[in-house]
Amino acid sequence: MPSDNILLEVKHLKKFFPVRKGVLRRVVAQVKAVDDVDMYIKEGETLGLVGESGCGKTTAGRTILRLIEPTGGEILFRSKKLAAAGEEYRIVNIATASRRALKALRRDMQIIFQDPYSSLNPRMTVGSIVGEPLLVHGISRGSEREDRVRELLGAVGLKPDHMKRYPHEFSGGQRQRIGIARALALDPQLIVADEPVSALDVSIQAQVLNLLEDLQGEFGLTYLFIAHDLSVVRHISDRVAVMYLGKIVELVETEQLFTNPRHPYTEALMSAVPVPDPDYKVERILLEGDVPSPVNPPSGCYFHPRCRYAKEICSQELPLYRDLGGEHFVTCHFADALRLQPVRTG
């Protein structure tokens, strides 16, 4: 791993979904949802993962947790709960971990789902939902589990008497708080937050984001925060990874991304963010054409058919994922030469 404070490192991660046709259901193509992704998350930080719909953000997050089986690559996780006697931590490759090891790793890694309505079982009470991880892992039972559930509900701003209610009795924001409490039940190190506020009203979004930040400090959490709203990502993230067609095209500290973008796709994304100032004129960058199919991505740089800076080499050679210095990673042939304009976002 790059340094001692790296909690999770992803190397050449791939997830391809087969396309089958005919009576025999033969594989005729592959949907390259996640294609050779490299990134790492430092302990205690929030890494934002952004990109337009269909770029592979959610698939990447679920593959990292192995809710979806990876096609290839390594997912190295520094687990404290799996450490043996005398060890501070143990590095585990999630991609090849056994079922037994994977169950133990679930205590270290949890997920907050995007939809607060479909992610909660309508036939279970809130107490059963939040306490289920404790029951599955045999951590606590009876009154001890009930005490833990009350504690978790209090941590997310809910009342102890909410334990006996059902999900349909709560608003969307309250349901998401229940999902957050469930994710905290096993005292995890890493939480993948899969667009946790996109289904909520704007006023509720701010409350949930502030709650996530408070919980991060209180419980020492590390977040992979998946979103498509750059304003939200700028508010909560320490670093941001920009994804396009299954690949990471830029990864750097948040403010550096907004003040000094080095990939044309990042520049175009930021130009689409609304600015709350009627006197400020935004130069909107309109990308030509549609997003290419992940079944048959273009040759060379995947972004070159829509890039206004593209040259001949862009259609012929795939650019390397490289560090420009200061942990600013970019996938672009001309990242050193281009002078892209930062876009005001607030």
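Pockets and a buried threonine

The lining of the largest pocket is made up of 8 nonpolar, 3 polar and 3 charged residues. The model is a predicted one, and the pocket in question encloses about 380 Å³ of space. Its lining counts 14 residues, and those closest to the centre of the pocket are Leu67, Arg106, Gln110, Ile111 and Pro133. Two elements each give two or more residues to this lining: strand S6, spanning 109-112, and helix H3, spanning 126-136.

The second largest pocket has a volume of about 250 Å³. Lining this pocket are 16 residues, of which Ala268, Leu269, Ala272, Val273 and Arg284 lie closest to its centre. Here the elements that supply two or more residues are helix H7 (230-236) and helix H9. The largest share comes from H9, which gives 3 residues to the lining of the second largest pocket. Sorted by class, this lining holds 10 nonpolar, 2 polar and 4 charged residues.

Helix H9 covers residues 264-271, and Thr266 is found in it. Is Thr266 buried or exposed? Its relative accessible area is 2%, and because the cut-off for buried is under 20%, Thr266 counts as buried. Which residues are in contact with Thr266, leaving aside its neighbours within four places in sequence? With those neighbours set aside, the contacts of Thr266 are Val242, Glu250, Leu257 and Pro261. Helix H9 therefore holds the buried Thr266, and H9 also gives 3 residues to the lining of the second largest pocket.

Notes: Residues numbered from 1 in each chain as written. Predicted model: local features only at pLDDT ≥ 70, side-chain atom pairs only at ≥ 80, totals over all residues. Heavy atoms only, no water. Helix = DSSP H or I, 4+ residues; strand = E, 2+ residues; numbered from the N terminus. Buried < 20%, exposed > 50% of the residue type's maximum accessible area, 1.4 Å probe, protein only. Contact = heavy atoms within 4.5 Å. 1 Å grid on protein atoms, 1.4 Å probe; cavity = no way out; pocket = protein on both sides within 12 Å on 5 of 7 lines; lining within 4 Å. Points joined across faces, edges and corners; volume = space filled by probe spheres on them. Nonpolar A, V, L, I, M, F, W, Y, C, P; charged D, E, K, R; others polar.
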